[in-house]
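Biologist: Could you take a close look at one helix in this chain for me, and then walk me outward from there? I'd like one connected account rather than a list.

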Amino acid sequence: MLPKTALQPEKSDNHRGRKVAPKDEKKFIKEITPKSEDYSQWYLDVVRKADLADYTTIKGCMVIKPYGFGLWENIRDALDKRIKETGHQNAYFPLFVPESLLQKEADHIAGFAPEVAWVTHAGNEKLEERLAIRPTSEAIICSIYSKWVQSYRDLPLLINQWANVVRWEKVTRLFLRTTEFLWQEGHTCHRTEEEAQEETLKMLRVYQEFAETELAMPIIPGLKTENEKFPGAVFTYTIEGLMGDGRALQAGTSHNLGQHFSKMFDIQFLDEDEQRKFVWQTSWGVSTRLVGGVIMTHGDENGLILPPRIAPIQVVIVPVFRGDTRDAVLEKARELEKALKPIARVKLDDRDNVTPGFKFNDWEMKGVPVRLEIGPKDIEKNQCVLARRDTREKLFVPLEELAATLPELLKTIQSDMLERARKFRDDNTRRVADYDEFKRVMENDRGFILAGWCGDSEVETKIKEETKATIRCIPLDDANNPIPAPEGTVCIYTGKPAKFEVYFARSY
RNA sequence: CGGGGUGUAGCGCAGGUGGUAGCGCGCGACGUUCGGGACGUCGAGGCCGCAGGUUCAAGUCCUGCCACCCCGACCA
């Protein structure tokens, strides 16, 4: 709670020139559209006000600005560490995919054809064969793997790449769906079907742990239905998050590719039993879409709220001074910055041309987890003010305790954010009595609906047509098996015995 | 691919019946300020999306393009 002391900002506005019209005051607040009024606009406002990205002259292509890229770098590094810890190595494959390669796997090309960008010319010369700009790299990577894999001793082949890909989407949204986006894609080859399945699930769980630990984004891991799976996969697993407007976000996918690609691209090895066999493969990826997920999982009316573990700036120091106290306060602030540097990503905002109040708002919009205020009165008392972004609480901390308090506070914020998001997710996960209620919920509250499903793809399509809700996933048990529907559960649509209880939601 | 919207200063916008461009914010200088979006003075900043046309004269009227944004059907 906010302690009542003399240090609290005065409520009077006598220092604010009386020429400020009420209209202008409102405008400041209006810079971020309230979530309740227009969630989509809120999201765009936050991206802009938090300085994460900007539009360009190319449709659907954004600039990721330094602050947004810093966020992505932290996300990337946290995941990259996990990818390496699980035995994978990074490599880099070409941006271009010859048409003949892309076409080898029929489902694959069918799935991506409408959104592939093609290179047809080099200078003024028409190319013999047009080149796709990778929408994903299965084709190009598999064509190379066929050279690399000779023996069972070459397996498993565990490779990841960080790259950009292009998908010419009709509708784009900053971070969530852009024409070009950044991602990582893991591509592995295995000796046995079991091993590939194990890898698929291992990476699914890596994604889940990563999203929950680093992004404070609670996840429902599960299996995709036939309708929703990756073009060319045998199974697709997903991590699904729930956004602030009750829509689900597919935050990452892990595919068991079986032998679909190895057969088409001729990735064979000589096994110990001297038989030539096709490898079993997986692929898995997450993208800059995660940035959008973080915004929509945690943001509030004042803007972005970043989980400390991935925040580019964890602590911003805002010095508060007048002309006569300026030097003393700034000196103390610099001292604090130096002292805190080893324990947190800290930034001193020593801008001279804006007021502390402006800085407070500015950094709140940008979602910095902790603001440290230091002014003459604090220095007198040898203390500072710590303000939490997530709860907007203020704490008074003696300076000698700061080095101990701060890391704890960051941890607390991180775990509170996860818990808050989990509660929101749980509060917005419903069971419904019948299909009418299903429709009502999807129309109004949205969120996840956990409901019985008979397993028929046609039924899934019908539900989608009627409610815009899709099956986000079939949940898994601890052994990663799809959980069969409890005895007596019926399909929400047909009333037939349900095969599974599945998560429905409208999605991004 | 449909539906809608918008292109005028960095951003947000205004510019009835045509007459050579303005407001707010922001930006720069100086001064006063500074514990929740400070104020004053001065100042910089425009091929009015592009191309045609009508006209003595087009930001404004006409035609045709182009681009981007938003909302829907398809996808990470």
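Modeller: What follows starts with one helix and its packing, and then moves on to other spots along the chain. Keep in mind that this is a predicted model.

Let's start with H3, which runs over residues 66–85. At 1.5 Å a residue, its 20 residues should span 28 Å, and the end C-alpha atoms are indeed 28 Å apart, so the expected and computed lengths agree. Now for the sides of the helix. Gly68, Leu71, Trp72, Ile75, Leu79 and Ile83 are the buried residues of H3. Those residues take up an arc of only 110° around the axis, so they sit on the same side of H3. Turn to the other side of H3 and you find Pro66, Asp77, Lys81 and Glu85, which are exposed. After the helix comes Gly87, with a positive phi near 95°.

What does H3 pack against? One partner is helix H7, residues 193–214. The axes of H3 and H7 are 11 Å apart, and the angle between them is about 140°. Angles over 145 degrees would count as roughly antiparallel, so H3 and H7 are classed as oblique to each other. As for handedness, the H3 and H7 crossing is right-handed.

A little further along from H3 is strand S3, residues 89–90, which holds Asn90. Is Asn90 buried, exposed or partly exposed? Asn90 has 13 C-beta neighbours inside 10 Å, so it counts as partly exposed. If you want a long-range ruler from there, take Glu401: 311 residues separate Asn90 and Glu401 in sequence, and their C-alpha atoms are 42 Å apart in space.

Now zoom out to the domains. The assignment for chain A lists domain 1 (62–297), domain 2 (315–407) and domain 3 (430–505). Taken over C-alpha atoms, the centres of domain 1 and domain 2 are 42 Å apart.

Next, helix H2, residues 39–49, is where Trp42 sits. Trp42 has 23 other C-beta atoms within 10 Å, so it is buried. Trp42 and Asn302 make a nice pair to pull up in your viewer: 260 residues apart in sequence, but 9.9 Å apart in space, C-alpha to C-alpha.

For backbone oddities, try the peptide between Leu155 and Pro156, which is cis, with omega about -5°. Pro156 belongs to the loop between helix H6 (138–148) and strand S7 (157–166).

Another loop worth a click is the one between strand S17 (370–374) and helix H12 (376–381), which holds Gly375. With 20 other C-beta atoms within 10 Å, Gly375 is buried, because the cut-off for that class is 20 or more. Twelve residues along the chain from Gly375 is Ala387, and the C-alpha atoms of the two are separated by 14 Å.

Then there is helix H13, with 26 residues, 402–427. Its first and last C-alpha atoms are 36 Å apart, close to the 38 Å expected at 1.5 Å a residue. Which residues of H13 are buried? They are Leu402, Leu406, Leu409, Leu410, Ile413, Gln414, Met417, Leu418, Ala421 and Arg425. Take Gln414 from that list: it has 21 C-beta neighbours inside 10 Å, so it counts as buried. Between Gln414 and Met365, 49 residues apart along the chain, the C-alpha separation is 18 Å.

Finally, there are two residues to check on a Ramachandran plot. Arg446 has phi near 60°, a positive value in a residue other than glycine. You'll find Arg446 in the loop between helix H14 (435–443) and strand S21 (448–453). Arg446 counts as buried, because 20 C-beta neighbours lie inside 10 Å. Asn480 has a positive phi too, near 70°, and is likewise a residue other than glycine. Its loop lies between strand S22 (470–475) and strand S23 (500–505). Asn480 has 17 C-beta neighbours inside 10 Å, so it counts as partly exposed.

How values were computed:
Residues numbered from 1 in each chain as written. Chains lettered and ligands numbered in written order. Predicted model: local features only at pLDDT ≥ 70, side-chain atom pairs only at ≥ 80, totals over all residues. Helix = DSSP H or I, 4+ residues; strand = E, 2+ residues; numbered from the N terminus. Expected span 1.5 Å × (residues − 1). Buried ≥ 20, exposed ≤ 12 C-beta atoms within 10 Å, placed from the backbone. Arc of directions from axis to C-beta. Domains from an automatic or database assignment. Axes fitted to C-alpha atoms, helices over the stretch in contact; angles between N-to-C directions. Parallel < 35°, antiparallel > 145°, perpendicular 65-115°, else oblique. Left-handed = near helix turned anticlockwise from the far one by under 90°.
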